[in-house]
Amino acid sequence: AALKERTPVKIDFGAVFNIAPRDRGASAAPMVAMQKELVFDIDMTDYEDVLGDLATGSPTEMTDANWGYMATAAQVIDT
């Protein structure tokens with residue numbers, strides 16, 4: 001619910017680094033990927049041509065309208 005309230009247009013996941021990416025300039029140590037993830041890029045706005053009425057409005061409105069599709073996509077990937 002907290003993530004939905006922020007109304008993201010895109011959600012990215014990536015590697016787990018030894019240094020938080022926001023702190024990379026504050027450390028002399030190089031950023032090293034400690035763990036890697038298999039990433040499925042599901043963008044809520046990539047399929048506007050097949051969404052019909054769900055593709056109307058601002059990116060935020062489209063994001064709100066497509067949360068059901070995102071939830072279904074996450075369930076499919078999780079199985």
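1. Does Val 32 count as buried, partly exposed or exposed, and at what relative accessibility? In this predicted model, Val 32 has a relative accessibility of 38% and therefore counts as partly exposed, since that class covers the values between under 20%, which is buried, and over 50%, which is exposed.

2. The place of Val 32 along the chain is the loop that runs between strand 1, residues 16-17, and strand 2, residues 33-35. Together with Val 16 and Met 34, Val 32 makes up a nonpolar patch on the surface, and the accessible area of these three residues together is about 250 Å².

3. Met 31 also belongs to the loop between strand 1 and strand 2, and because its relative accessible area is 31%, Met 31 is partly exposed. If residues up to four places away in sequence are left aside, Met 31 touches Phe 17, Asn 18, Ile 19, Pro 21 and Arg 24. For one of these partners, Pro 21, which is ten residues from Met 31 along the chain, the two C-alpha atoms are separated by 8.0 Å.

4. Turning to the chain as a whole, a student tracing the protein chain will find four helices and two strands, and reading along the sequence gives the pattern α-β-β-α-α-α. Among contacts between residues at least 6 apart in sequence, 36% join residues that are at least 24 apart.

5. As for the surface, the protein chain has 79 residues, of which 14% count as buried. The accessible surface of the protein chain comes to about 6200 Å², and carbon and sulfur atoms account for 55% of that area.

6. Finally, a word on confidence, which should accompany any reading of a predicted model. The protein chain has a mean pLDDT of 75, with 65% of its residues reaching 70 or more. Among its elements, strand 2 has the highest mean pLDDT, at 90, whereas helix 2, residues 48-51, has the lowest, at 64. Where pLDDT is low, the predicted coordinates should not be read in detail.

Notes
Residues numbered from 1 in each chain as written. Predicted model: local features only at pLDDT ≥ 70, side-chain atom pairs only at ≥ 80, totals over all residues. Heavy atoms only, no water. Patch = residues over 30% accessible without salt bridge, like charges linked within 9 Å, V, L, I, M, F, W, Y side chains within 5 Å. Areas by Shrake-Rupley, 256 points an atom, 1.4 Å probe, with all protein chains shown as cover. Salt bridge = Lys/Arg side-chain N within 4 Å of Asp/Glu carboxyl O. Buried < 20%, exposed > 50% of the residue type's maximum accessible area, 1.4 Å probe, protein only. Contact = heavy atoms within 4.5 Å. pLDDT = per-residue confidence, 0-100.
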